[in-house]
Structures are given as C-alpha cells and as structure tokens.
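The following exercises are to be worked through with the sequence and the coordinates at hand. Each task is followed by a solution in steps.

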2 protein chains.
Amino acid sequence: MLGAIIALVNSFYRGERMNPSGENAKEKILSAATKIAQAHGYGGLNLRNLAGDVGIKAASLYYHFPSKADLAAAVARRYWEDAAALLQALKEESRDPLECLRKYPVETFRKSLETDNRMCLASFMTAEYDDLPEIVKKEVQTFADVNVEWLSKALQAAKIATPRDSKRRARAIFAAIVGAQLMARGRSDIALFDALIDAYRASGLLPA
Amino acid sequence: MLGAIIALVNSFYRGERMNPSGENAKEKILSAATKIAQAHGYGGLNLRNLAGDVGIKAASLYYHFPSKADLAAAVARRYWEDAAALLQALKEESRDPLECLRKYPVETFRKSLETDNRMCLASFMTAEYDDLPEIVKKEVQTFADVNVEWLSKALQAAKIATPRDSKRRARAIFAAIVGAQLMARGRSDIALFDALIDAYRASGLLPA
DNA sequence: ACCTGAACACCGTTCAAGT
DNA sequence: ACCTGAACACCGTTCAAGT
C-alpha cells in the first residue's frame with residue numbers, strides 16, 4: 001500500500017510539465033560545458049561551476065549524464081557535429097572552392113578567439129591527451145578527422161592538390177592553423193592570428 | 001634559556017650534512033615537475049604526486065617554493081633557459097644556418113614526443129592561459145620569444161628571409177611546428193609529426 | 001635547514017531522499 | 001522525471017611542531 005502511494009506520487013511528477021522553461025536541461029548543460037571546456041579544458045571543467053551556470057546542483061548533473069567522462073564525450077561529439085554542419089554551410093555559401101578555403105581559418109578558428117579569447121575545444125583536449133577518458137579521446141580525434149577530410153576535398157576541388165597528396169596537405173594546413181590559434185590565445189591577440197595566417201599564405205602553405 | 005636551547009638544536013640541524021644525497025632537493029623537484037607538466041599541464045600538476053616522485057610530503061614543497069604558482073614559474077623559466085642553451089649549441093654544432101634550420105624541428109619538438117609522447121610544456125600551458133598565474137604566463141611567453149628570436153636569426157643567416165620579414169616568417173614556422181606536435185601527440189604518432197614537417201617543407205613554409 | 005601531520009576549503013562522485 | 005544534502009576520498013595550502 002505504501003508502494004502504491006509512492007508510485008502515484010511519482011507519476012504525478014512525471015511528464016513535460018516538470019520543465020516549465022521551454023529549453024531542456026540537457027541542452028543547457030551541453031552548451032555551458034562547451035564554453036567552459038573551450039577556456040579551461042577537460043581538467044578545468046568544474047562540475048560545481050557548470051551546475052551553477054545551469055542553475056542546478058552538481059549532483060543533479062549525474063541525472064543527465066552518468067559521469068564527467070560521458071558528459072565531456074557528449075560535449076566533444078556535439079562540437080564536431082556542429083563544426084561539420086558549419087563547414088557544409090560554408091561550402092554551399094561559397095561561390096568557388098578557393099573562396100571556401102580562404103574563409104576557412106576565419107570562420108572556424110578565428111571565431112573562438114573573438115569570443116573571450118577561447119580556443120578550439122578539440123585542441124585543448126588534445127593537449128590533455130594523457131588524462132582523457134577513452135570515449136572523449138575518440139570524439140576529439142573525430143573533430144580533427146572532419147576538418148582534415150573537408151580541407152582535403154576543398155583542396156582537390158580547387159585543384160590545389162591532387163587526390164594523391166591532398167590529405168597530407170590538408171593535415172599540414174589544419175595543424176598549422178591549430179598552432180596559430182594557440183599562439184594567438186597565449187597573447188590574447190587576434191591580430192597575431194591574422195598575421196600568422198597571412199604568413200602561411202605568403203609561404204605557400206595556404207592558397208593566396 | 002629555553003630559547004637558547006632551541007637555537008642550539010636548530011644550529012645542529014643546519015648545514016650541508018642534512019642533505020646526504022649529493023643532489024639537492026630543489027633540483028629534483030624542478031625536474032620531476034617539468035616531466036609532469038609536459039604530460040598534464042599546470043592544472044594537472046598534482047603536488048602530492050610531485051612530492052611522492054621526489055620522496056617527500058606535499059607540505060615540504062612549500063619550504064622550497066612559496067606556492068604552486070612560484071614553483072611552476074621556476075619550472076617554466078628553467079624550461080626556456082634550457083631551450084635557449086640547446087638552441088645555442090645547435091647553432092654552434094651546425095656547419096651552416098640551413099642545416100641548423102633543418103635540425104630544429106627534430107632536436108626540439110620531436111624529442112618531447114619521443115619521451116612518453118610528452119609535449120612542449122609551454123604549448124600546454126599556453127592552452128591553459130586563463131588559469132595561469134601571471135608569473136607563469138610571463139615565463140611561458142618567453143619560451144616562444146626565445147624560439148622565434150632564434151629562428152628569425154637563423155632565417156636571416158641562411159638568407160631565406162630578409163631582416164624585414166624574418167620575424168613574421170619565424171613566428172609562422174614556430175606556430176606550425178607547435179601545431180604539428182599537438183596533432184601528433186593526439187594520436188601518439190611520431191610518424192605523423194615527421195609527415196607534417198615534411199609537408200611544411202614541401203609547401204615552402206620550411207626550407208627544404 | 002629541512003621535513004611532517006593535521007587541518008582548511010575545495011574537487012568528482014554516490015546515494016538515499018525529496019517533490 | 002528531476003533535483004537535492006550529505007557523505008566519500010581527493011585537491012592546494014597553511015601552520016605549528018618535529019629533527
């Protein structure tokens with residue numbers, strides 16, 4: 001009989017009306033966590049602070065995600081999915097593959113720096129390699145794969161590289177831009193990022 | 001009279017004989033901390049683990065360094081001082097500036113990867129920019145300055161860049177190599193580092 | 001001079017309990 | 001369904017006390 005009452009009470013608290021704000025909590029957690037991780041990395045992602053940003057207690061995070069590792073993996077996955085969508089849109093908006101390639105550094109890596117000197121979440125977590133749970137590592141690597149793949153195709157389309165060497169070239173471009181973002185962050189200096197990209201163009205690494 | 005006794009006891013414990021191992025503790029702390037920071041960064045530098053590596057208790061670290069910030073600053077300072085010495089030696093050993101430039105990526109950044117997939121301490125800490133104490137930030141930036149300065153001079157000596165644009169070129173090379181090391185670490189794949197450096201050469205960023 | 005144990009406020013995580 | 005307080009072992013740091 002006591003069990004029946006508890007079941008009744010529980011059923012009352014079930015359903016959509018428990019979440020009056022239209023936005024769901026999981027979304028809010030993911031987007032808040034992304035911002036924190038871009039500035040402080042996986043190790044610096046503090047669950048009490050994150051919960052505070054969302055407006056709940058740290059313990060409540062464990063209702064939505066079984067562990068910090070799973071939360072971070074979800075964040076990293078969402079991150080490369082968004083990047084893939086953005087790159088797809090960039091390709092469709094551009095008139096030709098060359099314009100596409102010229103926009104790439106600013107539309108992706110420069111944007112993070114513009115927002116509070118943040119950096120690419122995947123780059124930060126790559127540095128934290130030794131401390132990353134396996135599921136997080138996997139998603140972080142996928143981010144690099146997505147970028148390299150996209151660059152590789154763009155280079156081929158622009159006839160800058162042959163199918164044979166477009167991948168190596170794409171990797172080189174990606175790595176160099178990652179490094180440029182890191183240096184610029186270290187001085188909180190977006191102009192330095194721009195100067196580095198210009199230098200890559202002048203040297204021939206990036207198409208002018 | 002009690003004070004006199006204490007002073008006497010203290011004097012007994014003073015002097016070199018308290019440190020039977022020839023090596024001094026401060027040195028051991030610095031080198032152990034360097035290794036940890038290259039793998040886990042500033043945030044991941046755990047004082048209890050560090051103390052354990054050295055063979056003392058965490059509280060004892062505070063006898064040698066007033067805070068974690070000061071310890072990390074000393075580590076970072078030592079790091080760029082050692083790098084400066086290594087670069088100086090590299091220059092003296094090389095027959096010409098071009099050979100010097102060709103050795104640069106392997107003698108510096110590749111070496112870290114060879115040792116347990118570690119990375120440049122300064123690169124890691126640059127990612128941690130937002131969480132870095134000011135004194136640490138300063139030393140980390142000096143590491144980049146030292147490298148860029150050295151590269152800049154080497155580029156001029158090799159007549160690859162004019163005094164006018166050697167600095168921008170040096171910065172671009174440094175940033176690109178930093179990025180290459182990060183990517184290679186993210187796959188624990190030294191061959192990837194080598195491939196990236198080769199691609200930089202093929203594109204014209206690095207002298208062939 | 002050099003080291004330590006015990007204590008502080010903090011971290012990720014768990015869990016029983018609340019609505 | 002969703003959230004919480006209290007507890008756990010851990011972190012950086014302090015300090016009085018030891019040799």
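**Conventions and symmetry**

Chain A can be superposed on chain B with an RMSD of 0.0 Å by a turn of 180° and a shift of 0.0 Å along the axis, the fit being by least squares on the C-alpha atoms of residues with pLDDT of at least 70 in both. This is a predicted model, in which local features need pLDDT of at least 70 and side-chain atom pairs count only at pLDDT 80 or more, while totals for chains, interfaces and linings use all residues. Residues are numbered from 1 along each chain as its sequence is written, chains are lettered from A in the order in which they are written, and side-chain values use heavy atoms, with hydrogens and water left out.

**Exercise 1.** State how the two copies are related, and describe their interface.

*Step 1.* With a turn of 180° and a shift of 0.0 Å, the two copies are therefore related as by a two-fold rotation axis.

*Step 2.* The same surface serves both copies, since 100% of the contact residues of chain A recur in chain B; contact means heavy atoms within 4.5 Å. Chain A gives 38 residues to the contact and chain B gives 38 residues.

*Step 3.* Between them the chains bury about 3,300 Å², 62% of it on carbon and sulfur atoms. Buried area is the accessible area (1.4 Å probe) lost by two parts on being put together, summed over both.

*Step 4.* Four salt bridges are found across the interface, a salt bridge being a side-chain nitrogen of Lys or Arg within 4 Å of a carboxyl oxygen of Asp or Glu. The side chains of Asp145(A) and Arg187(B) form a salt bridge at 3.0 Å, N to O.

**Exercise 2.** Determine whether Leu45(B) is buried or exposed, and list its contacts.

*Step 1.* Leu45(B) is placed in the loop between α2 (25-40) and α3 (47-54) of chain B; helices are DSSP runs (H or I, at least four residues) numbered from the N terminus.

*Step 2.* Leu45(B) counts as buried because its relative accessibility is 3%, where buried means under 20% relative accessible area (1.4 Å probe, protein chains only).

*Step 3.* Residues up to four places away in sequence aside, Leu45(B) touches Ala33(B), Ile36(B), Leu50(B) and Lys68(B).

**Exercise 3.** Assess the confidence of chain A.

*Step 1.* Chain A has a mean pLDDT of 90, and 89% of its residues reach 70 or more; pLDDT is the predictor's confidence in each residue, from 0 to 100.

*Step 2.* Over residues 1-22 of chain A the pLDDT is below 50, and this stretch has five contacts beyond near neighbours in sequence.

Definitions and conventions
Helices (H or I, at least four residues) and strands (E, at least two) are DSSP runs, numbered from the N terminus. Buried means under 20% relative accessible area, exposed over 50%, partly exposed in between (1.4 Å probe, protein chains only).
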